[in-house]
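Here are some notes on the model, set out as numbered points for reading alongside the coordinates.

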Amino acid sequence: NIVEPGEGLMNRGFYSAVSGLNNARSGLAVTGHNMSNVGTTGYVRQQSLQHDFLYQGVGNNLQVGLGSDISKIRQIRDIYLDMSYRSEVGRATFHATIYQTGNELENIYGELQSQYSTQTIMQDMWDASNELVTHPSGSETRSNFISTAVSYITKMNNVYERMVKEQNNLNDSIKEAVTRVNQLTTRINELNSIIPYQESSGQSANDYRDERNNCIDELSQLLK
């Protein structure tokens, strides 16, 4: 079959137009994917990158392009910002835990209360003891010492019971954190196998990368 000179150029123009439409369709799909995941936690905006597909020689020194193709659908993400965030969020969680535990201890001791704080009841007990030493035979002194001692013992028992409860709560929190760490590391390990498998077959694994980054972000709140 003899191909007319203009026919090859026409076919090449047709292929170029078709490739442009395919790329535009792919770009719209990526845009739609971005818009549908605006509210998705941890989702990273994606962008389709195009490159020249092939060139065909025409004559001695002339080349005609055969269109374009999608080279990659990349994530708009900064690894340095990720590293900074994961470093700082761990510190923030550490200090937030200390602050919360300190508040619980302050409530247990009641030092910020206007009355019946631990310091107040200890001072009352000290004063009653000194008064008893000074006037051991006085019935009013002994009666005051007994009532103050009862209040002191009641307060100390209450502090002890609440501190034991707080310690148990902290232990339960540690157990939950360990369980969550194991879940996250297991899932990250799975994703480390899924992502290269997807990409080696020519498919995009950006959503799996988002999930892995979410797991790492959460893990950074629990571990260094």
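1. Arg-209 is a useful place to begin: at 24% relative accessibility, this residue of the predicted model counts as partly exposed, because that value falls between the limits of 20% and 50%. Arg-209 forms a salt bridge with Glu-199, and the closest N and O atoms of the two are 3.0 Å apart. Since Arg-209 lies in helix H5 and Glu-199 in helix H4, the pair ties together parts that are ten residues apart in sequence. Glu-199 is likewise partly exposed, with a relative accessible area of 35%.

2. A second salt bridge joins the side chains of Glu-190 and Arg-187, with an N to O distance of 2.9 Å. These two residues are three apart in helix H4, and they are therefore separated by about one helical turn. Glu-190 counts as partly exposed at 36% relative accessibility, and Arg-187 is also partly exposed, with a relative accessible area of 25%. The pair does not stand alone, for Arg-187, Glu-190 and Glu-211 are linked in a network of salt bridges.

3. Helix H2 holds a further pair, in which Glu-88 forms a salt bridge with Arg-91 and the closest N and O atoms are 3.4 Å apart. Both residues lie in that helix, three residues apart, or about one turn. Glu-88 is partly exposed, its relative accessible area being 44%. In total, the structure holds six salt bridges. As general background, side chains of opposite charge can pair when their charged atoms come close.

4. Which residues make up the largest nonpolar core? That core has five residues, namely Val-181, Leu-184, Ile-188, Cys-215 and Leu-219. Helix H4 (139-200) and helix H5 (206-222) each supply at least two of them, and H4 gives the most, with three residues. When its neighbours within four places in sequence are left aside, Leu-219 is in contact with Val-181, Leu-184, Thr-185 and Ile-188. In soluble globular proteins, nonpolar side chains tend to be buried together.

5. On the surface, Ile-79, Tyr-80 and Met-83 make a nonpolar patch of about 380 Å². Ile-79 lies in helix H2, which covers residues 79-109, and at 54% relative accessibility this residue counts as exposed, because the value is over 50%. For the protein as a whole, the accessible surface comes to about 16,100 Å², and 55% of that belongs to carbon and sulfur atoms.

6. As to the overall arrangement, the protein has five helices and four strands, which follow the pattern α-β-β-β-β-α-α-α-α when read along the sequence. Of its 224 residues, 21% count as buried. Among contacts with a separation of 6 or more, 58% are accounted for by residues 24 or more positions apart.

7. Confidence should be kept in view when the points above are weighed. The mean pLDDT of the protein is 80, and 79% of its residues reach 70 or more. Among the elements, H4 has the highest mean pLDDT (92), whereas strand S2 (residues 55-58) has the lowest (56). Over residues 1-7 the pLDDT is below 50, and this stretch has one contact in the model beyond near neighbours in sequence.

Key:
Residues are numbered from 1 along each chain as its sequence is written. Side-chain values use heavy atoms; hydrogens and water are left out. Buried means under 20% relative accessible area, exposed over 50%, partly exposed in between (1.4 Å probe, protein chains only). Contact means heavy atoms within 4.5 Å. Accessible areas come from the Shrake-Rupley method with a 1.4 Å probe; for residues, only the protein chains shown count as cover. A nonpolar core is a set of buried Ala, Val, Leu, Ile, Met, Phe, Trp, Tyr and Cys residues joined through side-chain atoms within 4.5 Å. Patches are made of residues with over 30% relative accessible area and no salt bridge: like charges are joined within 9 Å, nonpolar side chains (Val, Leu, Ile, Met, Phe, Trp, Tyr) within 5 Å. A salt bridge is a side-chain nitrogen of Lys or Arg within 4 Å of a carboxyl oxygen of Asp or Glu. pLDDT is the predictor's confidence in each residue, from 0 to 100.
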